[in-house]
Amino acid sequence: MKSIPVIFLDRDGVINKPAKPHEYITSWPDFVILPGVYEALRLFHDNGYKIFIATNQRCISRGLASREQIDALHERMTEDFARNGCFVDGIFICPHGYDDDCDCRKPKPGLLLQAQKWLEDSEGVTVDKTQSWMIGDSKSDEEAGINYGVNTILIGGESSSVDDGMKHITANNILDSAVKILEGRN
Ligand SMILES: [Mg+2]
Ligand SMILES: [Zn+2]
């Protein structure tokens with residue numbers, strides 16, 4: 001199977017302004033797109049990357065939002081992206097809580113594996129892990145990327161020193177991430 005480069009993105013803190021601690025972003029009026037997001041998404045798409053969002057939304061398990069509400073929010077987001085010339089290939093959500101023992105809540109790699117399966121089933125291509133990146137603003141995003149086996153960017157943190165042959169670096173935001181990824185390509 002042919003393999004292609006993929007960007008896996010966390011949502012809160014990467015695409016939109018995060019909620020206050022212990023709060024959640026569950027509706028469009030509260031969804032504030034961060035600076036540089038449109039430009040970064042266009043850069044990734046124009047350079048041949050597939051783009052997937054992988055987001056933990058424990059608010060669903062806690063009953064603070066329904067799955068339908070979160071899907072509706074993402075529909076508004078997707079429409080907003082389209083108006084700004086941006087495209088995301090898929091959105092994968094972990095709706096579970098800490099105690100659900102699921103295999104998708106980051107730092108587990110399940111959401112990334114779901115995206116890979118979707119890519120294989122629907123487009124007949126798979127992930128070129130050496131050229132792919134997980135970008136997030138928390139350690140659990142970085143760990144999910146490491147557990148899955150791709151390069152990682154931790155926004156606003158200190159990157160892992162794990163020696164797995166992949167790159168684990170930091171960036172200031174999503175656009176800075178895109179610039180670093182594209183500059184570092186061989
Ligand atoms: Mg986040
Ligand atoms: Zn889960």
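Which residues have the most contacts inside the largest nonpolar core? The model to be toured is a predicted one, and the tour begins with this question.

**Stop 1: the cores**

Please select Ile7, Phe8, Leu9 and Ile135. These are the residues with the most contacts inside the largest nonpolar core, which has 38 residues. A second, separate core of five residues may be displayed next; Ile60, Ile70, Leu73 and Met77 are among its members.

Return now to Leu9 and show its surroundings. Beyond residues up to four places away in sequence, Leu9 touches Val14, Ile15, Ile51, Ile53, Ala54 and Ile135.

**Stop 2: Pro5**

Select Pro5, which is found in the loop between β1 (2-4) and β2 (6-9). Is Pro5 buried, partly exposed or exposed? Its surroundings hold 19 C-beta neighbours inside 10 Å, and a residue needs 20 or more to be buried, so Pro5 counts as partly exposed.

Setting aside neighbours within four places in sequence, Pro5 is in contact with Gly48, Tyr49, Asp128, Gln131 and Ser132. For a sense of distance, add Arg58 to the selection: Pro5 and Arg58 are 53 residues apart along the chain, and their C-alpha atoms are separated by 29 Å.

**Stop 3: the helix pair α1 and α6**

Display residues 37-46, which form helix α1, together with residues 174-183, which form helix α6. The two helices pack at an angle of about 25°, with their axes 8 Å apart. Since angles under 35 degrees count as roughly parallel, α1 and α6 are therefore roughly parallel to each other. The crossing in which α1 passes α6 is left-handed.

Which residues meet where these helices pack? On the α1 side, select Val37, Glu39, Ala40, Leu43 and Phe44; on the α6 side, select Ile174, Leu175, Ser177, Ala178 and Leu182. Coloured by class, this contact of α1 with α6 shows eight nonpolar residues, one polar residue and one charged residue.

**Stop 4: Leu182**

Remain in helix α6 and centre the view on Leu182. Leu182 has 13 C-beta neighbours inside 10 Å and therefore counts as partly exposed. Leaving out residues up to four places away in sequence, Leu182 touches Leu43 and Asn47. Gly136 may be added for scale: Leu182 and Gly136 are 46 residues apart in sequence and 17 Å apart in space, C-alpha to C-alpha.

**Stop 5: Asn173**

Proceed to Asn173, whose place is in the loop between β8 (168-171) and α6. With 18 C-beta neighbours inside 10 Å, Asn173 counts as partly exposed. Apart from neighbours within four places in sequence, the residues in contact with Asn173 are Leu34, Gly36 and Ile155. Leu111 serves as a distant reference: Asn173 and Leu111 are 62 residues apart in sequence and 22 Å apart in space, C-alpha to C-alpha.

**Stop 6: the loop between β4 and α4**

Turn to the loop between β4 (90-94) and α4 (110-123), in which Pro107 lies. What joins Lys106 and Pro107? The link is a cis peptide bond, with omega about 20°.

Asp101 lies in the loop between β4 and α4 as well. Although Asp101 is not a glycine, its phi is positive, at about 55°. Asp101 has 9 other C-beta atoms within 10 Å and is therefore exposed.

**Stop 7: His22**

The tour closes in the loop between β2 and α1, where His22 has its place. Select His22 and inspect its backbone: phi is near 70°, a positive value in a residue other than glycine. Is His22 buried or exposed? His22 counts as exposed, because it has 5 C-beta neighbours inside 10 Å.

Notes
Residues numbered from 1 in each chain as written. Chains lettered and ligands numbered in written order. Predicted model: local features only at pLDDT ≥ 70, side-chain atom pairs only at ≥ 80, totals over all residues. Axes fitted to C-alpha atoms, helices over the stretch in contact; angles between N-to-C directions. Helix = DSSP H or I, 4+ residues; strand = E, 2+ residues; numbered from the N terminus. Parallel < 35°, antiparallel > 145°, perpendicular 65-115°, else oblique. Left-handed = near helix turned anticlockwise from the far one by under 90°. Contact = placed C-beta atoms within 7 Å. Nonpolar A, V, L, I, M, F, W, Y, C, P; charged D, E, K, R; others polar. Core = buried A, V, L, I, M, F, W, Y, C linked by C-beta atoms within 7 Å. Buried ≥ 20, exposed ≤ 12 C-beta atoms within 10 Å, placed from the backbone.
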